Amino acid sequence: AVHAASPAVQLRTVKGAFADVRERVVMALENRGLVINYNAKIGDMLERTGRDLGRERRIYGHAEVIEFCSARLSRDTMEADPHNIAYCPYAIAVYTLPKQPGVVYLSYRPPQTAGNEASRRSLLAVEKLLSDVVSEAAQ
């Protein structure tokens, strides 16, 4: 299912196992010749810091944010407007919720298309990349 968590976040749910869906995101990126810059283990960090803060509630079953870049799209985007650097790197969150076994969430922030025509066009291409990767991983 596809949901808009808010105008600034696209959200999709997939039935399956976290590890399988996460691997499909990685494969969808690699199939496009993209390299992962960083894999943020958000769920692990929140578990660890929650204990330090005396907060017991488990927020996620698993939660990671996969950050990556596209040299071509980033170059196009920043040549169009150097201030578009704020959109890089691109990120897709993959996570599960403790009370929803078998459901994996995929989410990302589409860039706001603004600026001159070249900037808008390049930012739309970034949004399409994010959408395409999530759609491929959701299959």
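Start with strands S3 and S4 in this predicted model. They pair in the antiparallel sense over 5 bridges. Select Val35, then look across to S4: Cys69 stands opposite.

**Ala40, in S3**

Stay on S3, which covers residues 35-40, and pick Ala40. Is Ala40 buried or exposed? Its relative accessibility is 9%, so Ala40 counts as buried. Show the contacts of Ala40 beyond four places in sequence: they are Ala63, Glu64 and Val65. Keep Ala40 selected for a distance check later.

**From S4 to S5**

Now colour S4, residues 63-69. S4 also pairs with S5, in the antiparallel sense, over 6 bridges. Two pairs are worth labelling. Phe68 stands opposite Tyr90 in S5. Ala63 stands opposite Tyr95 in S5.

**Along S5**

Select residues 90-95, which make up S5. How many residues of S5 are buried? The count is 6 of the 6, so the strand is largely enclosed by the rest of the structure. Turn on side chains. Tyr90, Ile92 and Val94 point one way. Ala91, Ala93 and Tyr95 point the other way. Both sets are buried.

**Across to S6**

Add residues 103-108, strand S6. S5 and S6 pair in the antiparallel sense over 3 bridges. Label Tyr95 and find its bridge partner in S6, which is Tyr105.

S6 is mostly covered as well, with 6 of its 6 residues buried. Val103, Tyr105 and Ser107 point one way from the strand. Val104, Leu106 and Tyr108 point the other way.

Pick Ser107, which lies in S6. Its relative accessibility is 11%, so Ser107 counts as buried. Leaving out residues up to four places away in sequence, Ser107 touches Val9, Gln10, Leu11, Ala91, Ile92, Ala93 and Tyr95.

**S2, on to the next pairing**

Select residues 9-15, strand S2. S2 and S6 pair in the antiparallel sense over 6 bridges. Which residue of S6 is the bridge partner of Lys15? It is Val103.

**The nonpolar cores**

Hide the backbone and show nonpolar side chains. The largest nonpolar core has 24 residues. Val25, Phe68, Ile92, Val94 and Leu106 have the most contacts inside this core. Helix H1 (18-31), S4, S5, S6 and helix H4 (117-138) each supply at least two residues. H4 gives the most, with 7 residues.

Apart from this core lies another one, of 6 residues. Among them are Leu11, Ala63, Tyr95 and Tyr105. Two of these names have come up as a bridge pair: Tyr95 and Tyr105.

Go back to Val94 and display its neighbours. Residues up to four places away in sequence are not counted here. Val94 touches Phe18, Val21, Arg22 and Val25. The contacts of Val94 also include His62, Ala63, Glu64 and Ile66. Val104, Tyr105 and Leu106 of S6 are further contacts of Val94.

**The loop before S5**

Move to Pro89, in the loop between helix H3 (71-80) and S5. Check omega for the bond from Cys88 to Pro89. This peptide bond is cis, with omega near 0°. Most peptide bonds are trans.

**Met78, in H3**

Select Met78 in helix H3. Its relative accessibility is 23%, so Met78 counts as partly exposed. The cut-off that matters here is 20%, since buried means under that value. Met78 touches Asn84, Ile85 and Cys88, with residues up to four places away in sequence not counted.

Draw two C-alpha distances from Met78. To Ser119, 41 residues apart along the chain, the separation is 7.9 Å. To Ala40, 38 residues apart along the chain, the separation is 24 Å.

**Last stop: a surface patch**

Switch to a surface view and select Met45, Leu46 and Ile59. They form a nonpolar patch on the surface. Together they have about 200 Å² of accessible area. Leu46 is found in helix H2, residues 42-53. How does Leu46 count by accessibility, and at what value? At 32% relative accessibility, Leu46 counts as partly exposed.

Notes: Residues are numbered from 1 along each chain as its sequence is written. This is a predicted model: local features need pLDDT of at least 70, side-chain atom pairs count only at pLDDT 80 or more; totals for chains, interfaces and linings use all residues. Side-chain values use heavy atoms; hydrogens and water are left out. Buried means under 20% relative accessible area, exposed over 50%, partly exposed in between (1.4 Å probe, protein chains only). Helices (H or I, at least four residues) and strands (E, at least two) are DSSP runs, numbered from the N terminus. Two strands pair if DSSP finds at least two bridges between them. A nonpolar core is a set of buried Ala, Val, Leu, Ile, Met, Phe, Trp, Tyr and Cys residues joined through side-chain atoms within 4.5 Å. Contact means heavy atoms within 4.5 Å. Patches are made of residues with over 30% relative accessible area and no salt bridge: like charges are joined within 9 Å, nonpolar side chains (Val, Leu, Ile, Met, Phe, Trp, Tyr) within 5 Å. Accessible areas come from the Shrake-Rupley method with a 1.4 Å probe; for residues, only the protein chains shown count as cover. A salt bridge is a side-chain nitrogen of Lys or Arg within 4 Å of a carboxyl oxygen of Asp or Glu.
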